[in-house]
Every structure is written in C-alpha cells, then in structure tokens.
Amino acid sequence: GGIIDDENWYGIEGDSFTTYEMLRTLGHYELLKIGDRDRGVMLYRTMRMREGASLSQVTKEICRDLGIRAEVMPMSDDRVTTRIVTDRGKMSFHQFWVVRKAKDKVQDVEFLNSEQASPAPDVVDALDESEFIIVGPSNPITSLGPILAVGGIRSALERNRSKVLAVSPVIGDAPVSGPTGVLMRGLGYGVSPVSVAEIYREFVSMFVLHEEDKTISSEIENLKMEVFLEDILMPDFSSRIELAQKILQMLGHEK
C-alpha cells in the first residue's frame with residue numbers, strides 16, 4: 001500500500017501515537033510502540049475474526065482496501081505461537097527481543113500448535129503452481145521457522161526445490177538485522193551464510209550470497225546449490241528494487 005515505515009521496519013509511515021501515549025498515562029505499557037493508524041488495521045482484523053472471518057479472508061480485505069495488488073497469504077488460519085526457551089524460562093518473541101533485548105541464553109525455540117495447524121487455503125497450490133519461489137533474507141529461525149513447521153508447507157517447498165531461491169540473511173559472520181545470530185547460536189548453528197544454506201539445503205537450490213563472501217561459495221555449492229554473488233545490503237527502497245530486479249534476472253526474467 002506504500003505506507004509502511006521503512007525506517008523502523010514496522011508500522012505506518014508518519015503515524016501518530018495518541019492512543020499509545022494515553023495508554024501509558026493510564027498505566028498500560030505496551031511492548032511495541034503502535035501507531036494509531038496501525039492500531040486501526042489491527043482492530044479491524046480482530047473485529048472481523050471475532051465475527052467469524054478467517055485470517056485469510058481478512059488479509060484479502062485489508063489488501064483490497066489498501067490497494068495492494070499482490071496476493072498476500074498467511075501461512076495458516078490456525079494460531080501458531082513462537083516461544084523462546086531461555087535460561088530464564090520460556091518467553092514470547094516480543095518479550096525476548098523487545099523487552100529483554102535478546103540478552104538471555106537461547107536453549108530452544110518452540111512453535112506451539114504447529115503440528116495441529118494446516119496451511120491456509122491456496123498456499124500449497126500457490127507454491128506448486130508458481131514459476132519460482134523466493135525466500136527473502138529473513139531470520140531462518142523465527143521468521144521462516146514457524147512457516148516451515150506448519151504441516152504441508154515444507155514438503156511443498158522440498159518437491160519444488162529446483163525453483164526455490166534464497167537470499168542470505170547473514171553477511172560474513174553477522175546477520176543483516178535482528179536477533180538472527182543469537183538464535184542461530186542458541187540452536188547450535190554457526191552464524192554464517194553456510195549455516196543458513198545448511199538449514200535450507202532440503203528445499204533451496206539457488207542461494208544469493210553477498211559479493212564479499214565469495215570465498216565461501218564452494219562450501220554452499222557443495223550443498224548442491226547454485227550460488228549467485230550480489231550486493232544484498234538494502235539500506236533504502238531503491239536498493240531493494242534493484243536487488244529484486246537482479247534476482248529476476250538470475251531467474252531468467254529481464255527487467
């Protein structure tokens with residue numbers, strides 16, 4: 001819809017925070033600073049789901065009303081909750097990352113109800129029928145992890161491995177953003193593009209590596225992946241468009 005806050009990576013650009021500030025005045029402190037318009041979207045989603053609409057249905061309505069032309073699908077209409085297991089006990093991802101600043105030792109990550117959850121309508125068909133599938137440079141543990149934990153999605157990616165391309169979320173030994181490194185180390189992985197490729201090896205056949213990491217290309221190629229070297233840092237909107245265009249070229253599509 002062209003309204004996302006690119007600076008903070010969530011919320012709506014130029015949003016006001018009157019409701020957030022009033023809640024603080026009344027003694028209610030939220031984990032995230034949620035803007036008024038952003039809260040309106042959340043309230044609409046909650047109200048529609050209380051009326052009986054599925055998450056898939058509400059997502060389509062929001063996309064329609066915000067003028068989003070892409071078809072956006074949730075991974076599931078069932079609730080799946082991420083729990084970070086630490087030396088201080090289990091906590092939500094927001095508690096771990098926003099409140100505790102990822103300072104607790106990670107021992108495990110759980111996706112509650114993932115075994116009972118089903119893919120949202122049309123998700124598996126979309127994967128099977130797509131021309132190609134791109135896995136963005138997201139956290140492989142808590143961004144991709146819940147999706148892969150839902151029955152039927154991982155197997156769909158595995159049978160379509162030949163058309164799946166992933167962009168590394170790690171450059172050198174540092175994640176591009178977020179708690180990726182802390183979570184990977186907590187689960188016993190090294191923090192490197194090779195470790196990410198090892199996590200993805202069963203369902204990814206093409207891997208976009210930052211150009212400065214070319215010395216490890218052969219290690220990823222040994223996982224039976226085709227490696228592309230590119231500047232994958234995206235500090236602004238134009239660099240994101242440029243990388244997307246280059247990925248399309250990698251996949252055989254011109255601008």
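This report describes the strands, the helices and their packing in one protein chain.

The structure is a predicted model, in which local features need pLDDT of at least 70 and side-chain atom pairs count only at pLDDT 80 or more, whereas totals for chains, interfaces and linings use all residues. Residues are numbered from 1 along each chain as its sequence is written, and side-chain values use heavy atoms, with hydrogens and water left out.

**Overall form**

The protein chain has 11 helices and 9 strands, where helices (H or I, at least four residues) and strands (E, at least two) are DSSP runs numbered from the N terminus. The radius of gyration of the protein chain, 19 Å, is close to the 18 Å that the globule rule gives for 255 residues, so the chain is as compact as a globular protein of that length; this radius is taken over C-alpha atoms, and the globule rule is 2.2 Å times the number of residues to the power 0.38. Along the principal axes, the C-alpha atoms of the protein chain fill a box of roughly 55 × 40 × 40 Å.

**The antiparallel sheet**

An open sheet of 3 strands, with antiparallel pairing, has the order β2-β1-β3, two strands being paired if DSSP finds at least two bridges between them. Its edge strands, β2 (89-92) and β3 (106-112), each pair on one side only, and the twist averages 25° from one strand to the next. Such angles run from 0 to 180 degrees between N-to-C directions, with axes that are lines fitted to C-alpha atoms, for helices over the stretch in contact. A hairpin joins β1 to β2 through 2 residues. Strand β1 (residues 81-86) is joined to β2 by 4 bridges, and 6 bridges join β1 to β3. The table lists residues of β1 with the residues that they face.

| Residue of β1 | Facing residue | Strand of facing residue |
|---|---|---|
| Val85 | Lys90 | β2 |
| Ile84 | Met91 | β2 |
| Arg83 | Glu110 | β3 |

**The parallel sheet and its helices**

A further open sheet, of 4 strands with parallel pairing, has the order β4-β5-β8-β9. Here β4 (133-135) and β9 (226-230) stand at the edges with a single partner strand each, so one side of each is left without a neighbour in the sheet. Neighbouring strands of this sheet are turned by 25° against each other on average, direction ignored. Strand β8 (residues 206-210) pairs with β9 in the parallel sense over 5 bridges, and Met206 stands opposite Glu226 in β9.

Helix α9 (residues 193-200) lies across β4, β5 (164-167) and β8, and runs at about 165° to β8. Helix α11 (residues 237-250) also packs on the sheet, touching β4, β5, β8 and β9, with a direction that makes about 150° with that of β9. Contact means heavy atoms within 4.5 Å.

**A helix pair**

Two packed helices are described by the angle between their axes and the distance between the axes. The axes of helix α2 (residues 36-50) and helix α3 (residues 55-66) come within 10 Å and cross at roughly 140°. That makes α2 oblique to α3, since angles under 35 degrees count as roughly parallel, over 145 as roughly antiparallel, 65 to 115 as roughly perpendicular and the rest as oblique. The contact is made by Val41, Tyr44, Arg45, Arg48 and Met49 of α2 together with Leu55, Gln57, Val58, Glu61 and Ile62 of α3. These residues divide into 6 nonpolar, 1 polar and 3 charged, where Ala, Val, Leu, Ile, Met, Phe, Trp, Tyr, Cys and Pro count as nonpolar, Asp, Glu, Lys and Arg as charged, and the others, Gly among them, as polar.
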